[in-house]
Amino acid sequence: MKELKKKHSVWLSESAWADVEHHYQADNCSTKNEYIEKAIQFYSGYLDTEHAEEYLPRILSDVLEGKLGAFGKRMGHLLFKQAVDQDLMANLFASDINVSLDTLQKLRVRCVKNVKETNGEIDFQDAFRFQKRIEE
């Protein structure tokens with residue numbers, strides 16, 4: 001059942017009224033009155049919380065949790081695909097190369113050092129120069 005509404009006069013600054021006129025349709029409100037009522041209910045809910053400063057963070061936390069959860073799931077899928085492709089290439093490459101396990105371990109140590117020093121920005125030309133013993 002619809003709540004009975006009564007007419008009330010309020011005084012608003014020109015800038016507040018301009019905000020109402022600018023935003024009411026963006027909020028899918030059919031009237032400016034509907035927008036003002038929703039704004040009052042929102043702000044009242046904000047003030048009614050035990051600690052007003054917790055109202056928006058809780059809302060933002062819920063929204064961000066949903067968005068970040070979807071982002072994390074997508075990143076997980078992409079990282080899995082990348083790991084599968086990397087494993088495939090590593091196996092193909094290993095099947096055709098003749099390197100000792102000692103050389104492989106030394107190269108791994110060097111690669112870990114390079115990744116740490118470059119923050120993961122690996123340059124193929126640097127690796128090529130190292131392997132071919134090319135000086136700049």
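Okay, let's start with a question: which residue does Arg129 form a salt bridge with? The partner is Asp126, and the closest N and O atoms of the two are 3.2 Å apart. Before I go on, keep in mind that what you see above is a predicted model.

Let me stay with that pair for a second. Arg129 and Asp126 sit three residues apart in helix H5, so about one helical turn separates them. Arg129 is partly exposed, at 23% relative accessible area. Asp126 is partly exposed as well, with 41%.

While we're in helix H5, there's an aromatic pair to look at. Searching the whole structure turns up one such pair. The partners are Phe124 and Phe128, with 6.3 Å from centre to centre and 35° between the planes, and that counts as tilted. Why tilted and not stacked? Because stacked needs planes under 30 degrees apart and edge-to-face needs over 60, and everything else goes down as tilted. Helix H5 covers residues 124–132, and the two Phe residues are four apart in it, again about one helical turn. As for cover, Phe124 is exposed at 64% relative accessibility, while Phe128 is partly exposed at 40%.

Right, let's zoom out. How many helices and strands are there in the protein? Five helices and zero strands. Along the sequence you read α-α-α-α-α. The radius of gyration is 30 Å, well over the 14 Å that the globule rule gives for 136 residues, so the protein is more spread out than a compact globule. If you prefer box dimensions, the C-alpha trace spans about 85 × 40 × 30 Å along its principal axes.

A few more whole-protein numbers for you. Buried residues make up 4% of the 136 residues. Take the contacts with a separation of 6 or more: 6% of them come from residues 24 or more positions apart. And the exposed area is about 13100 Å², with carbon and sulfur atoms supplying 58% of it.

Speaking of carbon on the outside, have a look at helix H3, residues 55–94, where Leu68 lies. Leu68 is exposed, with a relative accessible area of 55%. Which patch does Leu68 belong to? A nonpolar one on the surface, formed by Leu60, Leu64, Leu68, Phe71, Met75 and Leu78. Together those residues have about 580 Å² of accessible area.

Now back to salt bridges. The search of the whole structure finds six of them, and I'll pick out two more, both towards the start of the chain.

First up, Lys5 with Glu37, where the closest N and O atoms are 3.1 Å apart. Lys5 is in the segment before helix H1 (14–23) and Glu37 is in helix H2 (residues 32–48), so this bridge ties together parts that are 32 residues apart in sequence. Lys5 is exposed at 62% relative accessibility, whereas Glu37 is partly exposed at 30%.

Then there's Lys32 with Glu21, whose closest N and O atoms are 3.3 Å apart. That pair links distant parts of the chain, with Lys32 in helix H2 and Glu21 in helix H1, eleven residues apart. Both ends are partly exposed: Lys32 has a relative accessible area of 26%, and Glu21 has 40%.

So, to leave you with a picture: five helices, zero strands, and a protein that is more spread out than a compact globule. Okay, over to you.

Technical notes: Residues are numbered from 1 along each chain as its sequence is written. This is a predicted model: local features need pLDDT of at least 70, side-chain atom pairs count only at pLDDT 80 or more; totals for chains, interfaces and linings use all residues. Side-chain values use heavy atoms; hydrogens and water are left out. Patches are made of residues with over 30% relative accessible area and no salt bridge: like charges are joined within 9 Å, nonpolar side chains (Val, Leu, Ile, Met, Phe, Trp, Tyr) within 5 Å. Accessible areas come from the Shrake-Rupley method with a 1.4 Å probe; for residues, only the protein chains shown count as cover. A salt bridge is a side-chain nitrogen of Lys or Arg within 4 Å of a carboxyl oxygen of Asp or Glu. Buried means under 20% relative accessible area, exposed over 50%, partly exposed in between (1.4 Å probe, protein chains only). The radius of gyration is taken over C-alpha atoms; the globule rule is 2.2 Å times the number of residues to the power 0.38. Contact means heavy atoms within 4.5 Å. Rings of Phe, Tyr and Trp (its six-membered ring) pair if their centres lie within 6.5 Å; planes under 30 degrees apart count as stacked, over 60 as edge-to-face and the rest as tilted.
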